[in-house]
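The exercises below ask you to read a protein fold step by step, from its overall make-up down to single residues. Please work through each task with the sequence and the coordinates at hand before turning to the solution.

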Amino acid sequence: MKKIIVAIIAAAMMLSLLAVPVMADEVINVASYTEVFTPVNETDAQLTVTVKGTAGEDGYLYLIAAAKGMEPAGVAGENLSGTELEAYKNGSESYFRIAVADPAAEATVEATFNVPGFYAVSRAAETNGAEDYKLSYKFTNYFPTKIGNYDVMVYVPQGMEIAKVSSPSAYADYKLAELDGMRGAGNAKALAAAAANTLTFTFDKAAGAMTNVLIWVVCLAIGAFVFIDRYKKAMKE
C-alpha cells in the first residue's frame with residue numbers, strides 16, 4: 001500500500017513539473033535591457049526596447065511583452081538574421097523574438113513598438129492645485145537568468161511635468177531626465193530571474209512662463225518687504 005502511495009505521489013510530481021512552462025536555455029545571458037517610452041500624443045506612446053545578450057540553443061533573442069497592447073513597428077540591430085519580430089508564447093507569458101546570425105556571439109536588437117493608451121491613466125489626488133495623473137509601469141524578468149542591467153525611462157507629453165515619484169521612493173534610486181522639452185522619470189538596476197521592477201509617478205501640467213514670472217515677482221516682493229522691515233527695526237535700535 002505504501003509503495004502505491006509513493007508511486008502516485010511521484011507521478012503527480014512529474015505531471016506538475018510537465019505542466020509548468022519552462023523557458024529552458026532560450027536566453028543564456030541578457031547583459032542589458034533598456035526600455036524608453038516617448039509620447040506620440042496625449043494618450044499613446046512609442047516604446048523603444050534595446051536588448052544586448054546571447055541567444056540560447058534555439059538561436060533566438062527574446063523581448064518581454066511587458067507593456068499592454070504593444071505592437072511591433074520596426075526592428076534593427078547587430079548579429080541578427082531577420083528583420084521582423086515574431087510573437088511567441090510560453091505558457092501565460094508573451095514575448096517577441098528574432099533569430100540571431102551567430103548564436104555564439106553577442107547580439108543587439110533595437111525594436112520600436114506602438115503602445116496605445118499608455119498615458120490614458122486615472123487622476124490622482126491633487127498635490128499643488130493642479131490635476132495630477134498617476135502612471136504605474138511594472139516589468140517582470142521572465143527569463144530564467146538574471147538581467148545584468150535593466151533600465152527604464154518614461155517621458156510624459158509636452159506641457160506636463162513630473163510631480164512626484166512614488167516607486168522607487170528613495171531619491172537615490174530613481175532618475176529624472178529631459179528630452180526635446182519632455183520630462184521623464186525612470187530607474188536602473190540588475191534584475192534576478194522572476195524579479196520585478198515597478199516605476200510609479202504622478203504628473204501634471206507644467207506651470208506656464210507667466211506663472212513662473214508671477215511666482216518670482218511675489219518671492220522678490222516678500223524678500224524686499226522682510227529686508228525693509230528688518231532695516232527699519234535696526235535703525236530704531
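What follows is a set of exercises on this predicted model, each with a worked solution.

**Exercise 1. Overall make-up**

Task: Establish how many helices and strands the protein has, what percentage of its residues is buried, and what share of the contacts joins residues 24 or more positions apart.

Solution: Begin with the secondary structure, which comes to 2 helices and 14 strands. Next, turn to burial: of the 237 residues in the protein, 32% are buried. Finally, consider the contacts with a separation of 6 or more, of which 71% are between residues 24 or more positions apart.

**Exercise 2. The sheet that contains strand 6**

Task: Work out the order of the strands in the three-stranded sheet, and decide which strands lie at its edges.

Solution: The 3 strands follow one another in the order 3-6-5, forming an open sheet with antiparallel pairing. Strand 3 (60–64) and strand 5 (86–90) are the edge strands, since each of them pairs on one side only. From one strand to the next, the twist averages 40°. To follow one pairing in detail, take strand 3 and strand 6 (residues 93–99), which run antiparallel and are joined by 5 bridges; within the register of these strands, I64 is placed opposite Y95 of strand 6.

**Exercise 3. The sheet that contains strand 9**

Task: Trace the four-stranded sheet from one edge to the other, and explain why one side of each edge strand has no neighbour in the sheet.

Solution: The order of the 4 strands is 8-9-14-11, again in an open sheet with antiparallel pairing. Strand 8 and strand 11 (160–167) are at the edges and have a single partner strand each, so one side of each is left without a neighbour in the sheet. Moving inward, strand 8 (residues 123–124) pairs with strand 9 over 2 bridges in the antiparallel sense, and R123 faces Y133 of strand 9 as its opposite residue. Strand 9 in turn pairs with strand 14 (residues 196–205), also in the antiparallel sense, over 8 bridges, and here S136 stands opposite T200 of strand 14.

Continue with one residue of strand 14, T202. The relative accessible area of T202 is 10%, so T202 is classed as buried, the cut-off being under 20%. Beyond the residues up to four places away in sequence, T202 touches A124, D132, Y133, K134, E161, I162, A163 and K164.

**Exercise 4. Core and pocket**

Task: Identify the residues that touch the most other members of the largest nonpolar core, and then find which strand gives the largest share of the lining of the largest pocket.

Solution: The largest nonpolar core has 45 residues, and those touching the most other members are Y33, F37 and F201. For Y33, the partners outside the window of four places in sequence include V49, T50, V51, Y62, L63, I64, F139, F143 and I147. Nonpolar side chains in soluble globular proteins tend to be buried together.

The largest pocket, for its part, has a volume of about 160 Å³. Its lining is made up of A66, A67, K68, V115, P116, G117, F118, V121, L135, S136, Y137 and K138. Strand 9 (residues 132–140) supplies 4 residues, the largest share of that lining.

**Exercise 5. Two partly exposed residues**

Task: Place A73 and P103 in the secondary structure, and classify each as buried, partly exposed or exposed.

Solution: A73 belongs to strand 4 (residues 71–78), and its relative accessibility of 48% makes A73 partly exposed. Apart from neighbours within four places in sequence, A73 contacts T112, F113 and N114. Although A73 and V115 are 42 residues apart along the chain, their C-alpha atoms are separated by 10.0 Å.

P103, by contrast, lies in the loop between strand 6 and strand 7 (107–115), and with a relative accessibility of 37% P103 also counts as partly exposed. Its contacts, neighbours within four places in sequence aside, are T54, A55 and G59. From P103 to N79 the C-alpha distance is 8.6 Å, with their positions 24 residues apart in sequence.

Conventions: Residues are numbered from 1 along each chain as its sequence is written. This is a predicted model: local features need pLDDT of at least 70, side-chain atom pairs count only at pLDDT 80 or more; totals for chains, interfaces and linings use all residues. Side-chain values use heavy atoms; hydrogens and water are left out. Two strands pair if DSSP finds at least two bridges between them. Axes are lines fitted to C-alpha atoms, for helices over the stretch in contact, and angles run from 0 to 180 degrees between N-to-C directions. A nonpolar core is a set of buried Ala, Val, Leu, Ile, Met, Phe, Trp, Tyr and Cys residues joined through side-chain atoms within 4.5 Å. Buried means under 20% relative accessible area, exposed over 50%, partly exposed in between (1.4 Å probe, protein chains only). Contact means heavy atoms within 4.5 Å. On a 1 Å grid over the protein atoms alone, a cavity is a set of points where a 1.4 Å probe fits but cannot get out, and a pocket is an open set with protein on both sides within 12 Å along at least five of seven lines; lining residues have an atom within 4 Å of a point. Grid points are joined across faces, edges and corners, and a volume is the space filled by probe spheres set on the points.
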